[in-house]
Amino acid sequence: RVTCSYQMTRLRGSEMEDPLNVNEDRNLIEKESSIATSKLDASATKATSSYIDSAPPRNKFLRSHLNKFLRSLSRVFTKNVLLFLAELGGEFIGTFVLTLIAITVSASDILLNTEVGLWNIAFVTGMGVGISIYSTAYFSNSHLNPAVTLAFALVRRRVFSWKKVVPYMAVQLLAAFLGGAVLYAAYWDTIELYEEVNGITRGQNNSIITAAIFGAYFPSPAYDLYEGSHNDVVSPARAMAIEAWATGILVFMIFSFSDPNNSSVGRVDRKNKSAVPVLIGLTVAVLISLYAPLTQAGLNPAKVTGPRILAAFLGWGSVAIPGPRNGFWVYIIGPLIGAPVGAALYDWFVVRMAKRSFKQQSE
């Protein structure tokens, strides 16, 4: 640019000295100016490109690793993996809704006495089970219960792989824990007021009535059997047997209702089983009505375990876990024993006997 300015000054001087050579000088100057400008642009471009090539080695490194990461994700998140993640999401949502409804109706009954009568509690809980299945059956197996998951893995291995058992149970437990957290967030001040009015010290033996909001106990604290010498009316072994028996009935009914050959529930082609969630919910309601006075009818290890773990951290301590007479294990072992037995009883005996009967009739 300095050269161009100098040349223009020289041009003005030449105009004064020899006007005939002005055009030749002007053309020469414009040519020199064009060459100088092109050199300047080339040097600027070279500097820019050299900056891009020299500064971004880090960016190139990041881009290369990002591409590798995306390629690895595409290999990991295949269609089957995405479907499995959807199943886990369905288990999480369904178990969360089921637990939240079940323990909230219990809280409203204990704290506010709004649910008068056992059947009201049982019916709301059963309908909560049905709603949870309806909301997740489209993209999940809707077990919503570790005992049901174990039963499918043991008895119907062709339709449910053992590899899914641990992830299913982990998600169910986490969902139940968060369901208890949401309940406490809604009712914490009501629980504290109830404890203050009734002289309950959280963590002491008399706090079992509020701890029962978060899980099941045997016998049910609602019947005042923990007062005096009657608190051992139901032994841990008996409570475990009751939980195993009731869960076995529940899983037997689940396998029966979901059987594609059970035309009394829906068409054999599986396209119309819309009544199954309602029937499962009614089964839960009936079982709660029968056995809740004795063990509160846990029937679901996740629903009982998740909220009681939370209660232990919220001040109930040993009243929540391991509970009176260290009976916390009853609600885990009992259902996990009873569920596979109920499933096997249906698939290995009832179904086989039915097939033999049909075969003899056809012959």
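1. Let's start with the charged pairs: the count of salt bridges comes to 3. One of them is formed by K164 and E87, whose closest N and O atoms are 3.3 Å apart. This pair links distant parts of the chain, with K164 in the loop between α6 (146-155) and α7 (165-197) and E87 in helix α4, 77 residues apart. E87 is buried, at a relative accessible area of 15%. Please keep in mind throughout that this is a predicted model.

2. Another salt bridge joins R156 to D347, and here the closest N and O atoms are 2.8 Å apart. R156 sits in the loop between α6 and α7 while D347 belongs to helix α12, so the pair ties together parts that are 191 residues apart in sequence. Are these two partners buried or exposed? Both R156 and D347 are buried.

3. R202 and E195 form a salt bridge as well, with 3.1 Å between the closest N and O atoms. The two partners are worth viewing side by side. R202 is partly exposed, with a relative accessible area of 21%, whereas E195 is buried, with a relative accessible area of 7%.

4. Now for a charged residue without such a partner. E91 lies in helix α4, which spans residues 79-112. E91 is buried yet has no salt bridge. Which side chain of opposite charge is nearest to E91? That is K164, 9.6 Å away; K164 is the residue that forms a salt bridge with E87. A salt bridge requires a side-chain nitrogen of Lys or Arg within 4 Å of a carboxyl oxygen of Asp or Glu.

5. What surrounds E91, once its neighbours within four places in sequence are left aside? E91 is in contact with S140, N141, S142, H143 and L144, and also with Y168, V171 and Q172. If you are viewing the model on screen, these residues are a good set to display together with E91.

6. Stepping back to the whole fold, the protein chain has 12 helices and 0 strands. Read from the N terminus, the elements therefore run as α throughout: α-α-α-α-α-α-α-α-α-α-α-α. Of the 363 residues in the protein chain, 41% are buried. Take the contacts between residues at least 6 apart in sequence: 71% of them join residues at least 24 apart.

7. On to the surface. The protein chain exposes about 20,300 Å², and carbon and sulfur atoms supply 63% of that area. One nonpolar surface patch covers about 680 Å² and is made by W119, F123, V124, Y134, V278, L282, V286 and L290. The elements that give two or more residues to this patch are α5 (118-136) and α10. L290, for instance, has its place in helix α10.

8. Charge also gathers on the surface. Which residues form the patch of positive charge? They are R158, R352, K355 and R356. R356 lies in helix α12, which covers residues 330-362, and R356 is exposed, with a relative accessible area of 60%. Helix α12 is also home to D347, the partner of R156 in point 2.

9. Two cis peptide bonds deserve a look. F218 and P219 are joined by a cis peptide bond with omega at about -15°, and P219 lies in the loop between α8 (208-211) and α9 (236-258). I321 and P322 are likewise joined by a cis peptide bond, where omega is about 10°. The place of P322 is in the loop between α11 (301-316) and α12.

10. Finally, some backbone angles to check. Q296 has a phi near 65°, a positive value in a residue other than glycine. Q296 is found in the loop between α10 (276-295) and α11. L299 also has a positive phi of about 65° although it is not a glycine, and L299 lies in the loop between α10 and α11. Is L299 buried or exposed? At 5% relative accessibility, L299 counts as buried.

Terms used
Residues are numbered from 1 along each chain as its sequence is written. This is a predicted model: local features need pLDDT of at least 70, side-chain atom pairs count only at pLDDT 80 or more; totals for chains, interfaces and linings use all residues. Side-chain values use heavy atoms; hydrogens and water are left out. Patches are made of residues with over 30% relative accessible area and no salt bridge: like charges are joined within 9 Å, nonpolar side chains (Val, Leu, Ile, Met, Phe, Trp, Tyr) within 5 Å. Accessible areas come from the Shrake-Rupley method with a 1.4 Å probe; for residues, only the protein chains shown count as cover. Lys and Arg count as positive and Asp and Glu as negative; His and the chain ends are not counted. The place of a charge is taken as NZ of Lys, CZ of Arg, CG of Asp or CD of Glu. Helices (H or I, at least four residues) and strands (E, at least two) are DSSP runs, numbered from the N terminus. Buried means under 20% relative accessible area, exposed over 50%, partly exposed in between (1.4 Å probe, protein chains only). Contact means heavy atoms within 4.5 Å.
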